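Open the model in your viewer and keep the sequence panel in sight. The tour below goes from one selection to the next and says what is there.

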Amino acid sequence: MGDAPSVTLPGVVDRHVHLGLVDVASLADGPVVEVHDLGWDPRAVRALAAAPPSGLRVRYAGPFHTAPGGYPSGRAWAPEAAVRHVAAPEEAAAAVADVVAAGGFGVKVTLHAGMPLLPDDVLHALVDAAHAARLPVLVHAEGTGQAERAVDAGADTLVHVPWTEVLPDGLIARAAARTTWISTLAIHDGDALGVALDNARRFVAAGGTLEYGTDLGNGPTPPGVHEREIELLGEAGLSGAALRRAVLGPPSAPRLTSPLPLPDTAPDLTAWLRTSRPALPPRRGSHLAR
Ligand SMILES: [Zn+2]
């Protein structure tokens, strides 16, 4: 074997998962080193985060905040405790306080047309309460006008690239300035994928931050690295350092090593990850070694 230097990079962070719907043990000691659960029973996901599979860090938002009867109320996959109904602005502060008490890193909000929607006053109250608690607001926006409502209410993150309508350039520009988008492009096909890619390309071109997330648990998304999702990030216009930042964690994340060179394109990154393994952890202090 040659002695070409191996490349070491932070592991993958999947910024949109639902651990209650997957075999969590299948994520042990793989290239995905951190996952962000964006909607579940806060007690259940807190217990998971306290005892995660080996090599995996779990961060979680806690429940979906929605109008009474709003998405995902009544969905077969969503336990009642995963849905927090917020009926009036006065209820927002207590809902956010419960997220804080449960150890959530952010407040998940759903705006899903076709089911009861949070009115603007409740939406704004949730955003204000979350920001007062220094938590980001992560919004599932689906259906006409809902992405715009989220962006203009002060959401920090859209948890899916909008896929139900082509957003106008002015809204894309506002979104790029104020929000991060999580990709979840591979959950779509056909027209919805075309719409999502069109929005994502213009968002990236406008300087927006697009991050890797798979919605693992939603449908047949495979556990571990989702190569199709990375491929679609490339199609959305990401390459080089921006692509690596979108898929990989910060420098402090557990690291991977691969014999392949530094990956600059989506195909190179998937190949790099396929050949990667956990890098040796940093050596312990000598007082521990003795
Ligand atoms: Zn989701």
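Which residue forms a salt bridge with Asp120? Select Asp120 and Arg149: these two are the partners, with their closest N and O atoms 2.8 Å apart. Bear in mind that this is a predicted model. Asp120 sits in helix α3 and Arg149 in helix α4, so the salt bridge spans distant parts of the chain, 29 residues apart. Asp120 is partly exposed, at 40% relative accessible area.

**Stop 1: α3 against α4**

Now select the two helices whole, residues 120–132 for α3 and residues 146–153 for α4. Their axes are 10 Å apart and the packing angle is about 45 degrees, which makes α3 oblique to α4. The crossing of α3 past α4 is right-handed. To see the contact, show side chains for Asp120, Leu123, His124 and Val127 on α3, then for Arg149, Asp152 and Ala153 on α4. Sorted by class, this contact of α3 with α4 consists of three nonpolar, one polar and three charged residues.

**Stop 2: from α4 to α5**

Stay on Asp152 and add Arg178. This pair forms a salt bridge, the closest N and O atoms being 3.3 Å apart. Arg178 belongs to helix α5 (residues 169–178) and Asp152 to helix α4, and the two residues are 26 residues apart. Both ends are partly exposed: Arg178 has 46% relative accessibility, and Asp152 has a relative accessible area of 37%. Next, add Glu148 and Arg174 to the selection. Salt bridges with shared partners join Glu148, Asp152, Arg174 and Arg178 into one network.

**Stop 3: α2 against α3**

Go back to α3 and select helix α2, residues 92–101. These two helices pack at about 40 degrees, and their axes are 9 Å apart. α2 and α3 are therefore oblique to each other. α2, too, passes α3 in a right-handed crossing. On the α2 side, pick Ala92, Ala93 and Val96; on the α3 side, the residues they meet are Ala125, Leu126, Ala129 and Ala130. What classes of residue make up the contact of α2 with α3? There are seven nonpolar residues, with no polar and no charged ones.

**Stop 4: a salt bridge between strands**

How many salt bridges does the structure hold? The count is twelve. For one of a pair in strands, select Arg57 and Glu34, which form a salt bridge with their closest N and O atoms 3.2 Å apart. Arg57 lies in strand β4 (residues 57–60) and Glu34 in strand β3 (residues 32–37), so this salt bridge ties together parts 23 residues apart in sequence. Is Glu34 buried or exposed? Glu34 counts as buried, at 9% relative accessibility, whereas Arg57 is partly exposed, with a relative accessible area of 48%.

**Stop 5: a loop residue**

Finish at Asp264, in the loop between β12 (255–258) and α9 (266–274). Asp264 counts as partly exposed, at 39% relative accessibility. Show what surrounds this residue: apart from neighbours within four places in sequence, Asp264 is in contact with Ser239, Gly240, Leu243 and Arg244. For a last distance, pick the C-alpha atoms of Asp264 and Val100. They are 38 Å apart in space, and the two residues are 164 residues apart in sequence.

Terms used. Residues are numbered from 1 along each chain as its sequence is written. This is a predicted model: local features need pLDDT of at least 70, side-chain atom pairs count only at pLDDT 80 or more; totals for chains, interfaces and linings use all residues. Side-chain values use heavy atoms; hydrogens and water are left out. Axes are lines fitted to C-alpha atoms, for helices over the stretch in contact, and angles run from 0 to 180 degrees between N-to-C directions. Helices (H or I, at least four residues) and strands (E, at least two) are DSSP runs, numbered from the N terminus. Angles under 35 degrees count as roughly parallel, over 145 as roughly antiparallel, 65 to 115 as roughly perpendicular and the rest as oblique. A crossing is left-handed if the near helix is turned anticlockwise from the far one by less than a right angle, and right-handed if clockwise. Contact means heavy atoms within 4.5 Å. Ala, Val, Leu, Ile, Met, Phe, Trp, Tyr, Cys and Pro count as nonpolar, Asp, Glu, Lys and Arg as charged, and the others, Gly among them, as polar. A salt bridge is a side-chain nitrogen of Lys or Arg within 4 Å of a carboxyl oxygen of Asp or Glu. Buried means under 20% relative accessible area, exposed over 50%, partly exposed in between (1.4 Å probe, protein chains only).
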